[in-house]
Amino acid sequence: MLSKVIKDEYIQLDVQANNFEEAIRKALQPFLEADVVTEKYVETILKIYEETGPYIVITENIALPHATVESGAKDVAIGFMRLKTPVTSGHRTNDPVKYLFPLSAKNNQAHIELLSELANLLGNPDFLKFIKVVSSREEFKNYIEKAEGENKHE
């Protein structure tokens, strides 16, 4: 499913952000431009972050900006953004954040499927090495497609 919902324009490499909020906004900008989410969706993520802290920083160096379907998700999408310079989110153990995987799902089933597939990738040490050095959108998409093919055969 990941390879079907991660479009080229959702993959951003070596983006400069001055802080975590700006990183979230930049990670979700392609979703806004593609009309996959509303501005309310982005603002909800930032509001929850402001109120509860860096809940979206799920593991070392990795954030997963997302909110509920009702917050303005219009379609299913996942993206990837590697920051040029890591930013601090305020997470005690997983800072600094260098990689963001913005996520949007139009229903809870799609949300769970995306999270599950992404969790499998993030649990793979080879993928974590790959995201440090990936040099193009095409290379990133090819890796995802290959990983999905390998998982089907297990």
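**Exercise 1. Is Asn 61 buried, partly exposed or exposed in this predicted model, and where does Asn 61 sit?**

*Step 1.* Begin with the accessibility. Asn 61 has a relative accessibility of 22%. Buried means under 20% and exposed means over 50%, with partly exposed in between. Asn 61 therefore counts as partly exposed.

*Step 2.* Now find its place along the chain. Asn 61 belongs to the loop between β2 (57–59) and β3 (62–63).

*Step 3.* Look at the backbone too. Asn 61 is not a glycine, yet its phi is positive, near 75 degrees.

**Exercise 2. Which loop holds Asp 35, and what is the value of its phi?**

*Step 1.* Asp 35 is in the loop between α2 (20–33) and α3 (39–52).

*Step 2.* Its phi is positive, about 60 degrees, although Asp 35 is not a glycine.

*Step 3.* Check the surface as well: with 46% relative accessibility, Asp 35 counts as partly exposed.

**Exercise 3. Which residues are joined by a cis peptide bond, and what surrounds Pro 96?**

*Step 1.* Look for an omega of about -5 degrees: this belongs to the cis peptide bond between Asp 95 and Pro 96.

*Step 2.* Place the proline. Pro 96 lies in the loop between β5 and β6, and at 34% relative accessibility it counts as partly exposed.

*Step 3.* List its contacts, leaving aside neighbours within four places in sequence: Pro 96 touches Asn 61, Pro 86 and Val 87. Asn 61 is the residue you met in the loop between β2 and β3.

*Step 4.* Try a distance. Val 42 and Pro 96 are 54 residues apart along the chain, and their C-alpha atoms are separated by 21 Å.

**Exercise 4. Why does Ser 89 count as buried, and which side chain does it join in a polar contact?**

*Step 1.* Locate Ser 89 in the loop between β5 (80–87) and β6 (97–100).

*Step 2.* Compare its accessibility with the cut-off for buried, which is under 20%. Ser 89 has 5% relative accessibility, so it counts as buried.

*Step 3.* Find the polar partner. The side chains of Ser 89 and Asp 95 make a polar contact of 2.7 Å.

*Step 4.* Complete the surroundings. Beyond its neighbours within four places in sequence, Ser 89 is in contact with Phe 20, Tyr 49, Pro 54, Val 57, Asp 95 and Val 97.

**Exercise 5. Which residues of α3 are buried, and what do they pack against?**

*Step 1.* Start with the length. Helix α3 has 14 residues and reaches 20 Å from its first C-alpha to its last, close to the 20 Å expected at 1.5 Å a residue.

*Step 2.* Pick out the buried residues of α3: Tyr 41, Val 42, Thr 44, Ile 45, Leu 46 and Tyr 49.

*Step 3.* Ask what lies against them. The buried residues of α3 pack against α2 and β7 (103–104).

*Step 4.* Follow the chain past the helix. Gly 53, just after α3, has a positive phi of about 95 degrees.

**Exercise 6. How do the buried residues of α4 fall around the helix axis?**

*Step 1.* Check the helix span. The 15 residues of α4 (residues 108–122) should span 21 Å at 1.5 Å a residue, and the end C-alpha atoms are indeed 21 Å apart.

*Step 2.* Collect the buried residues of α4: Ala 110, His 111, Leu 114, Leu 118, Leu 121 and Leu 122.

*Step 3.* Look down the axis. The buried residues of α4 fall within an arc of 100 degrees, so they line one face of the helix.

*Step 4.* Recall the general rule: an α-helix has 3.6 residues a turn, so residues three or four places apart point the same way.

*Step 5.* Turn to the face away from the buried side of α4, which carries the exposed residues Asn 108, Gln 109, Ile 112 and Asn 120.

**Exercise 7. Why is the protein chain called as compact as a globular protein of its length?**

*Step 1.* Count the elements: the protein chain has 6 helices and 7 strands.

*Step 2.* Compare the radii. The radius of gyration is 14 Å, close to the 15 Å from the globule rule for 154 residues, so the protein chain is as compact as a globular protein of that length.

*Step 3.* Add the burial: 48% of the 154 residues count as buried.

*Step 4.* Finish with the record. An unreviewed UniProt entry lists residues 4–147 as "domain: PTS EIIA type-2". Over residues 4–147, the chain is 45% helix and 18% strand.

Notes:
Residues are numbered from 1 along each chain as its sequence is written. This is a predicted model: local features need pLDDT of at least 70, side-chain atom pairs count only at pLDDT 80 or more; totals for chains, interfaces and linings use all residues. Side-chain values use heavy atoms; hydrogens and water are left out. Helices (H or I, at least four residues) and strands (E, at least two) are DSSP runs, numbered from the N terminus. Buried means under 20% relative accessible area, exposed over 50%, partly exposed in between (1.4 Å probe, protein chains only). A polar contact is a pair of N or O atoms within 3.5 Å; within protein, one must be able to donate a hydrogen and the other to accept it, and residues adjacent in sequence count only if both atoms are side-chain atoms. Contact means heavy atoms within 4.5 Å. The expected span of a helix is 1.5 Å times one less than its number of residues. The arc is that of the directions from the helix axis to the C-beta atoms. UniProt positions are given in the numbering used here, feature names are shortened, and annotations may be inferred rather than shown by experiment. The radius of gyration is taken over C-alpha atoms; the globule rule is 2.2 Å times the number of residues to the power 0.38.
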